Amino acid sequence: MYDTVNQDLLEELSAKPEIWDCTTCWTCAARCPKGLEPMEVLVGLRSIQVEEGKVQPTVRDALQSIFQDGNPWGVPRAKRYDWAEGLDVKILEPEAEEKTDVLVFVCCTDAYDTRVVKVTQALVKVLRAAGVDFGFIGEDESCCGSEVRRLGEEGLFEMCDEENVEMLNSFNVERIVTISPHCYNAMKKEYHGLKHPVLHYTQLLDQLIGEGKLKLSGNYEKVVTYHDPCYLGKQNDIYEEPRRILTSIPGVDFREFDRCRERSLCCEGGGGKMWVESESTEERLAEVRVRDAREMGAQVIAVACPFCLLTLEDATKVQGLEEEMQVMDILEILSEVL
Amino acid sequence: MNMVVCVKRVPDTAESEVHIDSTGKGIETGKLSFRMNDADNYAVEEAILIKEKIGGTVNVISIGDEKSDEQIRMALAKGGDEAIRITDPALAGSDGFALAKALAAAIKGMEYDLVLTGALADDDGCAVVGVALAELLGVPHAAYVKKVEVLEDGKKIKVGRELEGGLMEFLEMELPAVLTIQTGINEPRYASFKGIKAAAKKEIAVKSVADLGLDPSEVGEAGSWAVLESFTYPVVGEKAEILEGDPAETAAKLAAILKEKGLV
């Protein structure tokens, strides 16, 4: 039933600015009583615009930067491992004879963003404390492509899939651990032919704490709430691990958002939204989230995703709450209580 | 309207440190990424916009080794029709004038109404090639163009040139002509990955200096008016002061100096 009339209608639909408001949070799919995934229609409409080259300059630059430098932030590949300076981390060799337990896939925001690199540095500290044998790809690591796909650039995502699978398969490792739920989701559900199992870091740390390998000796006497990242919770059903980690930290007074787990409210950082200028004048969801956290008396909003970290932290600043409320990745909290 | 667009592959130095290489005549490129020269990207877009509006063809030309195919393909993906890449060891050391000679030799045999180049290259910053090209082709030119309007008969164009202080100078020009395009004239479109892949099927005609009917002595250092002797780092003069410390400290020192000198 595909004809020129439908083609014209699709063109008309795809030109609507609202299609770029979708954060691909998955709420529509999670709640759909018929098991559909309505957000994929919006991603499909985006791809019509992408193929015609009609995307916002910020989106254009992010995609072009991934094509040229392997990251959406317009930073050279040569700076991809600047975050590790002085940390003496292991850079893995392809086809190495000796097996390394964990390959940590850092990805772009955790490698380049001045705020988020602190999470990556905390990860090194935590994994070392737990005695994990881990290494990194180094400068050759490229974007996982999750946001590429959500922005509707299917061709470029296929390139990310193909090149990353080939590279990741070349390493002699037991498993891959991602810091971002977006990389986790792409590798787990969208890559083709990846031979290593993939874990989100919260899964690994939950295991390590359970086995007594990661000991938390400090005291963290704060009211902490947890914001479920959409790509970890709704899209991959990882709800218990982050909570078990947080509640095992001595001193933590853990409280839940009213809208938590499957009902968790999106921070609006996914779906390529880090690069989309929205025409919507409605209040940002991250601000709603921060207000809810304040009402329950939270001192810390714990997250497990770089985009949640950035959007929620921005929201605390917009509301002038940065003095009384912190947004921290679980890794950062852990690194303080080792 | 038959158009020719000249594009150049340049290192992206906005976020990178630039180091002089061991020859003293070049920079270390190993850790740099490359892209289409910014102004050339706008020139490509302008040509495609004109083509979409009134029809015609867009021929893309670049000088460089096979790595420049990446930039050519990007222009083809956006709507370019044909492409030529000029490559020859004899071109090494060419200044803007010598490069313009090679481009002119390639363009002379074509039927063209309009040649577009970027106003300025991000690497050498000479702003010479477009203007020299017009002279060699014997056609009028306008530099730093920020507006192009094709007049009704298609034989003339109206162009706006960017002058100091944001002033625009408007000119009517006869065609054929050469325009050097300033950044900001339009909003360049995105070249999708599939588009670039499809463009890879279009043939890029590779030509040597001899193919263009030029003698090797007409290009390279021998054919240039300006020869690059060496690069040097800026010398720290007596009045230069390098502030040291973390960002908070250096910012405080800088603020104190600016206040002291009455500059703020």
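In this predicted model, eleven residues of domain 1 of chain A are in contact with nine residues of domain 2 of chain A. On the domain 1 side of this contact, helix H3 (39-51) and helix H4 (57-69) of chain A each supply at least two residues. Sorted by class, that side of domain 1 holds six nonpolar, three polar and two charged residues. The centres of the two domains, taken over C-alpha atoms, are separated by 26 Å. For orientation along the chain, domain 1 of chain A spans 4-69, domain 2 spans 77-208 and domain 3 spans 214-336.

Helix H10 of chain A, made up of residues 201-210, is a helpful place to look next. Its buried residues are A:Tyr201, A:Thr202, A:Gln203, A:Leu204, A:Leu205 and A:Asp206. Several elements of chain A take part in covering them, including helix H6 (117-129), strand S3 (173-178) and strand S4 (198-200). Helix H11 (240-247) and helix H14 (330-336) of chain A are also among the elements that cover the buried residues of H10(A). After H10(A) comes A:Gly212, which has a positive phi near 75°.

Turning to the contact between the chains, 16 residues of chain B are in contact with 20 residues of chain A. Helix H5 (residues 193-199) of chain B gives the most to the chain B side, with four residues. By class, the residues on this side of chain B comprise eight charged, four polar and four nonpolar. Chain B itself is divided into domain 1 (2-218) and domain 2 (236-264), and the C-alpha centres of these two domains lie 41 Å apart.

Within chain B, the strands can be followed one pairing at a time. Strand S1 (residues 2-7) of chain B has five of its six residues buried, so S1(B) is largely enclosed by the rest of the structure. S1(B) runs parallel to strand S4 (residues 57-63) of chain B, and six bridges join the two. One of the residue pairs here sets B:Asn2 against its bridge partner B:Thr57 in S4(B). S1(B) is also joined to S6(B), again in the parallel sense, by three bridges. Among the partners in this pairing, B:Val4 is matched with B:Val115 of S6(B), and B:Val5 with B:Leu116 of S6(B).

Strand S6 (residues 114-118) of chain B is mostly covered, with five of its five residues buried. In a regular strand, side chains alternate between the two faces of the sheet. Both faces of S6(B) are covered: B:Leu114, B:Leu116 and B:Gly118 are buried on one side, and B:Val115 and B:Thr117 are buried on the other. The residues that S1(B) pairs with can thus be placed on these faces, with B:Val115, the partner of B:Val4, on one side and B:Leu116, the partner of B:Val5, on the other. S6(B) also pairs with strand S10 (residues 177-181) of chain B, in the parallel sense and over five bridges. In that pairing, B:Leu114 stands opposite B:Ala177 in S10(B). S6(B) therefore has parallel pairings with both S1(B) and S10(B), while its residues are buried on both faces.

Technical notes: Residues numbered from 1 in each chain as written. Chains lettered and ligands numbered in written order. Predicted model: local features only at pLDDT ≥ 70, side-chain atom pairs only at ≥ 80, totals over all residues. Buried ≥ 20, exposed ≤ 12 C-beta atoms within 10 Å, placed from the backbone. Pairing = 2+ DSSP bridges. Contact = placed C-beta atoms within 7 Å. Nonpolar A, V, L, I, M, F, W, Y, C, P; charged D, E, K, R; others polar. Domains from an automatic or database assignment.
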